[in-house]
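Visitor: I should like to go through this structure and ask what justifies each term applied to it. Please show it to me before we begin.

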Amino acid sequence: MPPSADPVTSVDPVTLEVIRNALSATAEEMSLVVMRSARSPLLREAGDLSSALTDADGHLVAQGRDIPMHMGVMSFTVREFLKRVPKSRLAPGDVWFLNLPEIGGNHLPDVKAIRPVFADGAVVAFAVSLAHWADVGGAVPGSYVAGATDAWQEGLRIPPFRLFTARGPHRENLDMVLANVRGAEEREGDVLAQMAATRGAEEHLHHLFAEHGAGTVLAAIAAIHDRAEARMREALAAVPDGTYVGEDWLDDDAAGDEPIPVRVRVTIDGDRATFDFSETADAARGPVNTTPFIAAASVFYVVKTLFGPDVQPGGGCYRPLEIITRPGSLLDPGPDRPVVGGNHETSQRVADAVFRALEPTGPERLSAGGPTTSGLVLFGGRRADGVWTTFYETHGGGEGARHDRDGAPVVRVHMSNVMNTPAEVVEAEYPIRVECQRLRRGSGGAGRRRGGDGLHREYRVLCDDMSVTSMFERRVVPPYGLQGGEPGAPFRVTVVGADGRRRELPGKANVRLGQGDVVVVESCGGGGYGAPGTADSAHSHEIRR
Amino acid sequence: MSGGWRVGVDVGGTFTDVIAVNRTRRDTRVAKVPSRSDDRVAGLLAALRAVDLAWPDVDDLIHGTTLVTNAIVEDDLAEVALISTRGFSDTLAIGRQNRRHLYRLDLPPKAVPQVPAERRFEVRERLDHEGQVLEPMDPRTVDEALRRIEESGAAAVAVSLLHSYTNPAHEEALGGRLRERFPFVALSSRVSPEAREYERTATTALSAGLMPLAASYLDRIEAARPADSRLHLFHSAGGMASPEALRELPLGLAASGPAAGVAAAGRIARDLDVEHAISFDMGGTTTDVCLIFGGEAQISSDRTLGGRPLRQPMVAVESIGAGGGSIARLDHGALVVGPESAGADPGPACYARGGSRPTVSDANLVLGYMAPDRIIGGDIRVDPAAARTAIAPLASAMGMSVEAAALGVVRVANSTMLRALRRVTVERGVDGRQCTLLAFGGAGPMHAVELARAFSIAKVVVPAHSSVFSALGCVSARMSYAQQRTLRMAVDEWDAQRLERAREDLRSRLAAPLAAAGCGEGEMAVEEVAAIRYRGQSYAIEIPDAALDDPARLTRDFLDRHRALYGFATGEPWELVSIRLRVSAPSTSGELRPAPVESGGSPSARTPSSSVVSGGSPSARTPSSPVVSGGSSSARTPSSPVASGGSPAAMTPSSSVASGGSPPARTLPCTFEAGATAATPRYDRAALVPGRALAGPAIVEDAWSTVVVPPGATLVPDEAGHLHIATGTGT
């Protein structure tokens, strides 16, 4: 296929790159500020945060840390925000906070701070800081309510809400937020960190506009969108035309125990593509629903990974993509449904469904099924010194094998890349002892190439009345093998009581444990690639197209 | 002790820089010779010969080396056996569970563990996070582990037990047993006494894997060293250490080279009384940037190399993949520079060694910044026509002249490097615009002024000896040892005794090698840095000169720093996460303050020059290549050795123009603005007159580097040989 023509821009290539570098540096700086000054432990090295700059209409032009899951969200947040808050209501010095999933969001714990940036009296850009707060209120500490059946049980719902103006903090509004979350002091630290990050960005943007002139900067931003679009078109053009169908299954919806399908029909037509999720299941009763923005983020991730490593998550990259979600379905449930787990569970399922749909375009490009779940276990309890603590831990598993190599042990794949918490930090900060952390040997699926092994980690509870929440997948539907490879061992979380009794935890549960109880996490192994026993040489045929 | 020379030798990948200082004879010599990776010891001796010295002449040799850096990057490590607490021997394989490449499924997501499962062993023992023994060490499991390690044939042993940073007793006991049988043993509580088991274990295993290599290298050097000559090595945290100390902790050499350059920058910043500076070292493939805060290079403990954590105090150099070899290309309407690089081979198109794609160096040549008759690295004569040919396609695609395209390449390269400047300053809460840019390395002085302007920096300094800067860092180093230790102490549970014990323990441990080198307890300087954060906060803020005896003052200092960094501070409780101590010997042997020198002073050491080098000294010779050693000096009377070497007055002009005036050596076309190529004077750096200002446009050059002074900028050389450039913008 012919390469698409370079977009016509009114800014020269040198100035364009200089401005693009300045915008990226600014967004990177925002992430540094949040990571270093915020309070929530998740923002620690785990880095569960993102930063972005958008144009005046909310289209993404630069991002700081590149977390696949957040990119889709950041591409839509300001656009949706502007539908609720017209620009006429914005003033210099404002910082608006929001977390409603239906406003370009994902779930309540991911709180966005939005600062409009003005030049010559008009809004010219927005600085956005997204951070995962350790708690946003709701029924249980940590705000992962496994048994939630509606959105209001999941915590404080923040519509666009002005927490800062040019005069400083809006104290009443800030107090309203802090009164409804656990750990008010910590949360205030998070709010201030996000505010500080957007303020730094505003300063740099003012400098940039002053240096180059508004016209040039705006032309550069338009060109950045055009480049993102051009690269996405090139990526799509590389995919053979056709219609591809794929599906994957959630273990359950937390309320029942029936697996739930995520289905996609992908139509590639030249340099455009449609991802139609209409046949995906109806909205779930439990918190595995998610938003169309998350579905878009997952689609973008798969396309970039398989076909366009140079594709940038800018506003323009979505222009050649049509992403269809059916209102009332799992991926477009409306504002009243619970969504907290959908953010990192269903997003991964969407990615898996799209990967599997595209398998016919070249299985060599794919990896077998991996730990496409957060493997989340959340502990809430009081330390010996009386301090209330919430420990949120994600557990990676074995990577799926590929045509030319075995899967790696214990990693995060696809939509998330959050780090683990070292045992020495866990024991110092929470009333928990880590009894062991080992590879879960033999858990990787057999195949010509083996899936990676999962993790075996044990947590002993050292306090009375510890609240434990599980939120993980791949317990029932295991990571799939590819091309005849076998699936990996499924995820399993077991509680071994102080009395020696064992019980397996469901994938989405809130339970209370006592001193001496042990939570045994065995994360899933990766799927194998190719039928076990087949020789490498038997499979060395060229890439199928 | 015979000769009275103090010599700094920095062995880099391509070149070895050497600077020799003799205080009694008031003589300084510099040279640059090709490095010898085949025989490093021979290379070291050759470097001495290049300054007309033999080792017996040398009292102190301070040596920076890439030995360890290369071994890590190339994975040239000895086989290590690892002992862990029962239940934790897979920690290296688990790592931090994150993947390296977000969108690349084809690449392995993380490094293969340095120690494979069959050489990872466990012993029964367990501590808690306060160092209390939950389970004593079981001697039978120790016996078993030792037996199996012997069977494994491992060359070195690493020990990393859970929470050993709070209580090393179990590791020490194991270490005692191991040393009876194995020559190379590394204990995590000594290598990196900090929390986080993966980073500590990986760091310890890495250091263990380097011990045999370091020992054999040091053995060979020691065999060549005369008995009354002292040898020191330059370590990653910016000081020198004894060979004995580095045999125990070879990982301390991981950033030896960059640390020496940054240490020299810190030295210059102190000498010039510059409060905040950014060191800017631009080379062929990478650019290193470091913040010099209050005259001290910033130190960090969380760097990685070759995908492996190196948790050691190291100079906080931010390295970006942009340099003279970075390739420029058009990509969807934008001119992009790097990260792809032509490297050293084939190198930029203008090297005429097979490279054809346009690079930053080609742009510099097209613009006339780099002289058309320049010789790179002693043997590569640049080819201006090849540079034009390489840039031309970019130019026509952009509809510009070749010069305009070249200007664009330089501008974009600078905007990439700007991101590194932004990062090092933001991390420390410093307003970059208040900094002075200290430029050195091959290409640093070429880009410095325009880069500074883009960052609104008003002052650039190209220091004396900028082309052998790392060697200068070596020769001006103090002996020092540094270590960081996790403490975890909340302000409302302050335990002054525990803190004092930890400080005393670190102090005595760090002082021991200094005392062994003959430094008196009373002479040692102790610097203490506290890492403090709000409870629950992710990162700690470093408080230099921490008032560890005065929690109230520490509170104030923390709040002030937090406000400076983030613009806010709250009254929440804070905790002391860790402390870092540096114990230093006084810099008796290396007083390197620049001193005033009468202008037009007599010739002394020479800097190599591209054209002709005339030696004003008895041992003068005309070298056949620009790899030149300094001759010994004629008598002069500067009050300090570097002043003599560093002062321009001390340099013999390479042109026939006598010192005392500074007409340009020649005039060649340069382009600073598209369509405005104009004849521009080029000055020989050695011929500049202290105090006499030079208005841009102008070029100042010596054999190893080119200083570009664009229109609107003004350069003033000082008497120590530093070139001060007012950029004409910024504060």
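Guide: pLDDT is the predictor's confidence in each residue, on a scale from 0 to 100. The structure shown here is a predicted model. Over residues 537-545 of chain A the pLDDT stays under 50, and the model has eight contacts there beyond four places in sequence.

Visitor: How do you know what confidence chain A has overall, and which stretch at residues 1-9 has a pLDDT below 50?

Guide: The mean pLDDT of chain A is 90, and 94% of its residues reach 70 or more. Residues 1-9 of chain A have a pLDDT below 50, with 19 contacts in the model beyond near neighbours in sequence. Where pLDDT is low, the predicted coordinates should not be read in detail.

Visitor: What makes Arg488(B) buried, partly exposed or exposed?

Guide: A residue is buried with 20 or more other C-beta atoms within 10 Å of its own, and exposed with 12 or fewer. Arg488(B) has 16 such neighbours, which lies between the two limits, and therefore counts as partly exposed. For chain B as a whole, buried residues make up 58% of the 731 residues.

Visitor: Where does Arg488(B) lie, and which residues does Arg488(B) touch?

Guide: Arg488(B) belongs to strand E27 of chain B, residues 480-490. Leaving aside residues up to four places away in sequence, Arg488(B) touches Glu575(B) and Val577(B), and also Ala428(A). The C-alpha atoms of Arg488(B) and Leu576(B) are separated by 5.5 Å, although these residues are 88 residues apart along the chain.

Visitor: What makes residues of chain A and chain B count as being in contact, and how many are there?

Guide: The criterion is a C-beta to C-beta distance within 7 Å. By that criterion, 54 residues of chain B are in contact with 67 residues of chain A. The elements of chain B giving two or more residues to this side are helix H3 (91-94), helix H7 (197-224), strand E22 (334-341) and helix H12 (402-427). H12(B) gives the most, with ten residues. By class, this side of chain B has 23 nonpolar, 16 polar and 15 charged residues.

Visitor: Why is the crossing of H12(B) and H13(B) described by an angle and a distance, and what are their values?

Guide: Two packed helices are described by the angle between their axes and the distance between the axes. The axes of H12(B) and H13(B), the latter covering residues 444-454, come within 9 Å and cross at roughly 60°. The crossing of H12(B) past H13(B) is right-handed.

Visitor: Which residues meet where H12(B) and H13(B) come together?

Guide: From H12(B) come Val410(B), Asn414(B), Ser415(B), Met417(B) and Leu418(B); from H13(B) come His447(B), Glu450(B), Leu451(B) and Ala454(B). The residues of this contact comprise five nonpolar, three polar and one charged. Glu450(B) is the charged one, because Glu is counted in the charged class.

Visitor: How do you know where the domains of each chain lie?

Guide: The bounds come from an automatic or database domain assignment. In chain A they are domain 1 (13-229) and domain 2 (366-545), with C-alpha centres 32 Å apart. Between these domains of chain A, 15 residues of domain 1 are in contact with 18 residues of domain 2, and the domain 1 side has ten nonpolar, two polar and three charged residues. Chain B is divided into domain 1 (79-183) and domain 2 (484-586), whose C-alpha centres lie 29 Å apart.

Methods:
Residues numbered from 1 in each chain as written. Chains lettered and ligands numbered in written order. Predicted model: local features only at pLDDT ≥ 70, side-chain atom pairs only at ≥ 80, totals over all residues. Contact = placed C-beta atoms within 7 Å. Helix = DSSP H or I, 4+ residues; strand = E, 2+ residues; numbered from the N terminus. Axes fitted to C-alpha atoms, helices over the stretch in contact; angles between N-to-C directions. Left-handed = near helix turned anticlockwise from the far one by under 90°.
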